[in-house]
Amino acid sequence: MKIKSFLVVSLVALMLLITGCGDESSADGGEVFTAAAAKNTDSKINVQILKLLVEDQTSHEVEIVQDLPASAQIFAGIDRGEFDFANLFSGEVYNNYFDDVEYSTDPGKTLKQAQKFFGEKYDIKWYDPVGFINNYSIAVNRDFAEKNNVENLTQLEEYADEMVLGTDNAWIERENDGYEGFKETYGYKFAEARGMDVALMYEGIANGDLDVVTAYTVDPQLKEYDLKVLKDDKHFFPPYEASLVARNSVIEEYPEIDKIIESTVGLISTEEMTDLIYEVDIEKRSIKEVSEEFLKEKGMLD
């Protein structure tokens with residue numbers, strides 16, 4: 001009898017659990033959506049901005065899943081219906097997802113391919129860019145750049161054979177946009193190229209052990225150490241323009257969400273995102289606080 005009673009109670013509990021799944025609603029009676037972000041702070045800020053706008057302008061709520069190790073996990077979650085929104089970058093289209101994609105460093109062509117290929121494969125809308133770019137760049141001390149009037153990578157050639165480059169090991173090994181491709185495109189190499197951890201790379205240029213570093217264009221250390229990103233005048237590095245994406249089934253049913261995401265197009269410049277990341281990573285402020293402050297300055301939140 002005890003065994004039968006236990007089985008009946010367990011079965012009822014399981015049925016209640018199953019019945020409850022998928023019926024979650026917000027405190028105001030709207031839906032609860034899920035937004036995904038990778039480990040990088042700019043992705044977290046972008047989905048936090050989406051959350052703040054949605055919860056301010058609608059009865060819906062947005063839960064954030066962050067620190068995902070790679071974009072592959074985000075796409076897998078979208079495919080399984082676990083994520084409704086995400087922050088992604090146009091250059092992802094070149095990371096071996098598709099056989100028939102044409103490699104290009106042109107931002108417009110890269111964006112169109114990302115919108116087409118990912119849109120068709122995952123049934124998502126890939127919005128136009130938020131405004132900032134997070135791709136590889138080459139940076140030097142600002143004092144050096146100003147003293148020698150170096151603004152772009154072609155002008156750096158005159159000094160490169162006496163300069164030590166610090167970079168992450170991945171860039172040395174990358175095929176399309178790595179060091180070998182850089183040397184072929186610009187026609188010069190540095191006196192030495194040292195692969196290392198990113199934190200050590202910035203310490204190295206700060207203390208004079210390094211003369212030049214590879215950096216992501218939104219790295220807060222660019223501001224912290226007063227480094228100058230040199231213009232990629234031969235357009236070597238592929239663009240990684242940030243965009244929000246949404247499952248088509250969600251925005252078709254809730255067009256107010258589509259309107260909100262459209263309002264973020266062109267909202268944040270690369271310089272602005274670098275400043276926001278600096279506040280979070282260097283000044284140790286919360287992502288929510290920094291995002292709220294930014295949106296209020298833009299007149300998008302009261």
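The questions below concern a five-stranded sheet and two residues with positive phi in a predicted model.

User: In what order do the five strands of the open sheet lie?

Analyst: The sheet is open and its pairing is mixed. Its neighbouring strands are turned by 35 degrees against each other on average, direction ignored. The order is E7-E6-E8-E5-E9.

User: Which strands stand at the edges of this sheet?

Analyst: A strand at the edge has a single partner strand, so one side of it is left without a neighbour in the sheet. This applies to strand E7 (192–195) and strand E9 (227–229).

User: Which residue in E9 stands opposite Ala-139?

Analyst: Strand E5 (residues 136–141) pairs with E9 in the antiparallel sense, over three bridges. The residue in E9 opposite Ala-139 is Val-229.

User: At about what angle to E8 does helix H9 run?

Analyst: Helix H9 (residues 198–207) lies across E5, strand E6 (164–167), strand E8 (212–216) and E9. Its angle to E8 is about 140 degrees.

User: Is Asp-67 buried, partly exposed or exposed?

Analyst: Asp-67 belongs to strand E2 (residues 61–68), and its phi is near 65 degrees, a positive value in a residue other than glycine. Most residues other than glycine have a negative phi. Because its relative accessibility is 38%, Asp-67 counts as partly exposed.

User: Is Lys-284 buried or exposed?

Analyst: Lys-284 sits in the loop between helix H13 (270–282) and helix H14 (287–297). Its phi is positive, near 60 degrees. The relative accessible area of Lys-284 is 67%, and the cut-off for exposed is over 50%. Lys-284 is therefore exposed.

Methods: Residues are numbered from 1 along each chain as its sequence is written. This is a predicted model: local features need pLDDT of at least 70, side-chain atom pairs count only at pLDDT 80 or more; totals for chains, interfaces and linings use all residues. Side-chain values use heavy atoms; hydrogens and water are left out. Helices (H or I, at least four residues) and strands (E, at least two) are DSSP runs, numbered from the N terminus. Buried means under 20% relative accessible area, exposed over 50%, partly exposed in between (1.4 Å probe, protein chains only). Two strands pair if DSSP finds at least two bridges between them. Axes are lines fitted to C-alpha atoms, for helices over the stretch in contact, and angles run from 0 to 180 degrees between N-to-C directions. Contact means heavy atoms within 4.5 Å.
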